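Please open the model in a viewer and keep the sequence panel visible. The tour proceeds by selection, one stop at a time.

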Amino acid sequence: MLEIKNLHVKLEEEDKAILKGVDLSIAPGTVHAIMGPNGSGKSTLSYVLAGREGYEVTDGSATLMGEELLEMEPEERAAAGLFLAFQYPVEIPGVGNMTFLRTAVNAQRKARGEDELSAGEFLKVVRAKAASLKIDAEMLKRPVNVGFSGGEKKRNEILQMAMLEPKMCILDETDSGLDVDAMRLVADGVNALRDAGRSFLVITHYQRLLDHIKPDIVHIMADGRIIKTGGPELALEVEQNGYAEILAAHGIEGVL
Amino acid sequence: MSVAVKQTPLEARLAALDLPKGGFSAPARAAALDRLAAMGLPGVRDEYWRYTNPAELNAAGAPRAKTFEVKDEEPIFDAIDRIRLVFVDGVFDADASDDLAAEGLEISRLADADGTDIHWASALYGALETAGQTPVARPLAALNTAAATDGVLIRVTAKVSKPVHLIYAHKSEDSDPILHHCIKLEENSELTLLENGPAGARFNKVLEVDVAAGARFHHIRAQGRDHERRAVTHIFARVGAEALFKSFTMTANGVLTRNECVIDMVGDDAVAHVAGAALGDGAVAEFHHDDTVFITHGAERGESRQVFKKVLKHGATGVFQGKILVKPGAQKTDGYQISQSLLLDDDCQFLGKPELEIYADDVKCSHGSTTGALDETALFYLRSRGVPHDQAVSLLVLSFLADTIAEIEDETLRDEISARLEAWLSRHRD
Ligand SMILES: Nc1ncnc2c1ncn2[C@@H]1O[C@H](COP(=O)(O)OP(=O)(O)O)[C@@H](O)[C@H]1O
Ligand SMILES: [Mg+2]
C-alpha cells in the first residue's frame, strides 16, 4: 500500500533536518502504529506524505499503490486514496461543515471520473455516518470545526475519513484531547472502516488508543528515524517503561 | 495680448452639463448649486479624499469605458418576482420596465414628476443630502442634486413583498448618467430595493431614503461588472424610531468606485446595517474601491453595524473610511464596525480609516480593521481532502466574505449574491 524508502526531509526555510532516513512498508489491510516522543518527526512525516508546503525532501521516496506520492499535489494524493486526520484540525469560519464535506466528496469523485453525488444521496449517507459518530445535525451545519470541542474536532476528522473512504488512512494523534468515551467513539469509527483493502497508520504518543485500535505492527520513532519495530507488545513495553530505555539503547538522549 | 479666461474645474464641469431647471425640485437644485459653489469639487487634499483621487469623478467629460458582457450568465435577480425599472445609460426605458403601478407603492419618475411644481418628494429631494453635508462635505452629492436628469421617487405605504429592482444598463462608451432617487417609507411599511448594473461609463447616483418609525428598508445592490467604468454613489438615510435600514453592496470590477453611505439614526431603537463585499482584480483593468461610511447616532438604544470586506489581487486597491458618531444623549448606543481585506498577492493595498467619536457615556462601540493573506493552513486542509487548489481558494474567499453576505436577510437573495461572487472567483483564477 504505502512504501517509504530512506525518506530525508528538511525545513524549506532553514537548514534543519527533521526526517533522517525513514523506511516504512505498509501492506494492504494492516494497521501500523508509530509511537515516539514529542518532536521526533511523526507529524512531519504525516504532513510530508499529505503534501504540505514548507518541507523539502532531500532524499528518498514514497509511493502509494505504486504511484509516486511526493510528486503529486495534495488534492491528487487525496484522490489517489490518502487521508490524513490532522493532529490539529483546522477551523474554517464561513464554510458550513456539510458544504465542506460535499465539496470534498464530489471533488474526489470528479477526479476519479465518477459522477457527483446528488444533494439527496449525499445527505442520506452523511446522516447515517454522522449518527454513528454521535455528530448531530447542528454540528453538520456549523462552520467547519469552529467552536467545536477537541473531541468534536477529532470525531469530525473521522467523519470526513468515513465519507471519503480512503485506502491509506493516517491518524495523527487522534487520541489527544479525547476523554475515554470520545476515544471509544473514534476507535469504533476507525474499526468500522478496517477491511482488507484499507491500511492505517496510527500516530500516537500514548499506548491508550492502541487498546481500542489494535495494531499489527508498532514502530518507535525518535530523532527523525524509526529506531525499533515490533508487534503490539512493543506498545505495552513503552507504556510500562517509557521511551527512555529504548532511546538510550539507540544512543539517543531522550527528552520526552 | 489676449487674456485667457481660465475656468475653475467646477465651472468646467458645470459648463459641460445640461442642468435641468426642475419643477418641484427647482428650489432644491438651486440650493445645491449654491452649496456646491461654496464647497468646490473634492480634491486630494480634502481629509476624506486622501486615499481616492477624485479627478476622474470631477472631470468635465467621462473617461470612456467599454462595456463587458459575461457570457452564459442569467441577469442577476432574474428569478425573483419583482418590479423592474430599467435605465439605459441613465435614460429610463419604459418598454423594458414594468408597470409603475403597484399595491402599497407610489412610483414616479423624477423627470416626469419635475413637470409639476407640487410633489410629495419636494420635502425629501436634496433634504437628506443637505443634512449629510455636515460635518463632512460631499460635493459630488450636491452636484448630483443640482444636475440629476432622472431617477425614481417611491413612496411606500404598506409592507410590500415584491422588491423594486433598478437596472442600470450600460451601452454607450461615453455615457455619463446622473440619477437621483428618493424613497420614503411611511410608518410600519416595508420595501426591498434591488439595484444592479454599471449604468454608464461614469455614474453619479444619489439615493435618499427616509425610513419612518417602525418601517423596514432592505437594499441589495450588485454593482460593477464593467471593468473600465467609474462610479460615485451616495446613500443618505434617515432612520426613525424602531425602524430598520439594511444595505448590502457587492462590487465586482470597476476602475474607480466611491460608495458613500451617510446614515442618521434619529429615532430611538433604530437599527442600521451597512455591508459591502468588493472583489477586484487589477490584472484586467485597474481596480480602486472606496467605501466611506458615516453613521450618526442621535437617539437612544440605536444599533449600527458596518461590515466591509474586500478581496484584492494584482495591484487592486481598497479603501475603507468608516465613522461612528454618537451624539450627546444617544445612550445605550450599540455601534459596531469591521473592515477587512484579503490580499491574494503582494502588490495590493488596503487603506483603512476607522473612526469613533463618542459624546455619550453609556454606549457600546467597537471597531476593527485587518489586512491579511489567505490562510495557508486552511488551504492545505481543504486540498488534503481532495478539493482542488482553485476551488479551495474560492471556498476560503467566500468564507472570508460570509459575514457581509449574512447581512442580507432574504435567503434567495443571499444565494443569488453568493453565486455571483463564486462565478466571479471562477473567472479570476490565476
Ligand atoms: N514548520 C516547522 N518549523 C520549525 N520547526 C519545525 C516545523 N515542523 C517541524 N519542526 C520541528 O521538527 C521536529 C519534529 O516535529 P514534529 O514532526 O511535529 O514532531 P512530533 O509530531 O513527533 O511531535 C520538532 O523539533 C519541531 O520543532
Ligand atoms: Mg505531532
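The stops below begin at a ligand site and end at backbone features of the two chains. Please note at the outset that this is a predicted model.

**First stop: ligand 1**

Select ligand 1 and display the residues around it. The surrounding residues are Leu11(A), Lys16(A), Ile18(A), Pro37(A), Asn38(A), Gly39(A), Ser40(A), Gly41(A), Lys42(A), Ser43(A), Thr44(A) and Tyr55(A). By character, this shell comprises four nonpolar, six polar and two charged residues. Which helix gives the most to the shell? It is helix H1 of chain A, residues 42-50, which supplies three residues.

Next, inspect the oxygen atoms of ligand 1. One lies 3.4 Å from a polar side-chain atom of Lys16(A). For Gly41(A), the partner is a polar backbone atom, 3.0 Å from an oxygen atom of the ligand. At Ser43(A), a backbone N or O atom is found 2.8 Å from a ligand oxygen. Considered alone, ligand 1 exposes 560 Å², of which the protein buries 62%.

**Second stop: the magnesium ion**

Keep Ser43(A) selected and add ligand 2, the magnesium ion, together with Gln87(A). Atom OG of Ser43(A) and atom OE1 of Gln87(A) coordinate the ion, at 2.1 to 2.3 Å. Where do these two residues lie in chain A? Ser43(A) belongs to helix H1, whereas Gln87(A) sits in the loop between strand S6 (82-85) and strand S7 (92-96); the pair therefore ties together parts that are 44 residues apart in sequence.

Are the two coordinating residues buried or exposed? Ser43(A) has a relative accessible area of 19% and is buried, and Gln87(A) is buried as well, at 13%. The cut-off for buried is under 20%.

**Third stop: backbone features**

Most residues other than glycine have a negative phi, and most peptide bonds are trans. The remaining selections depart from these patterns.

- Select Asp223(A): its phi is positive, near 50°. This residue is in the loop between strand S11 (217-222) and strand S12 (225-230) of chain A, and its relative accessibility of 34% makes it partly exposed.
- Move to chain B and select Glu242(B), which has a positive phi of about 55°. The loop that holds Glu242(B) runs between strand S10 (230-239) and strand S11 (244-252) of chain B; at 60% relative accessibility, Glu242(B) is exposed.
- Finally, select Thr134(B) and Pro135(B), which are joined by a cis peptide bond with omega about 5°. Pro135(B) is located in the loop between helix H5 (127-131) and helix H6 (139-147) of chain B.

Key:
Residues are numbered from 1 along each chain as its sequence is written. Chains are lettered from A and ligands numbered from 1 in the order in which they are written. This is a predicted model: local features need pLDDT of at least 70, side-chain atom pairs count only at pLDDT 80 or more; totals for chains, interfaces and linings use all residues. Side-chain values use heavy atoms; hydrogens and water are left out. A residue is near a molecule or strand if one of its heavy atoms lies within 4 Å of it. A polar contact is a pair of N or O atoms within 3.5 Å; within protein, one must be able to donate a hydrogen and the other to accept it, and residues adjacent in sequence count only if both atoms are side-chain atoms. Accessible areas come from the Shrake-Rupley method with a 1.4 Å probe; for residues, only the protein chains shown count as cover. Helices (H or I, at least four residues) and strands (E, at least two) are DSSP runs, numbered from the N terminus. Ala, Val, Leu, Ile, Met, Phe, Trp, Tyr, Cys and Pro count as nonpolar, Asp, Glu, Lys and Arg as charged, and the others, Gly among them, as polar. Donors are N, O and S atoms within 2.8 Å of the metal (3.2 Å for Na, K and Ca); water is not among the atoms, so sites may look incomplete. Buried means under 20% relative accessible area, exposed over 50%, partly exposed in between (1.4 Å probe, protein chains only).
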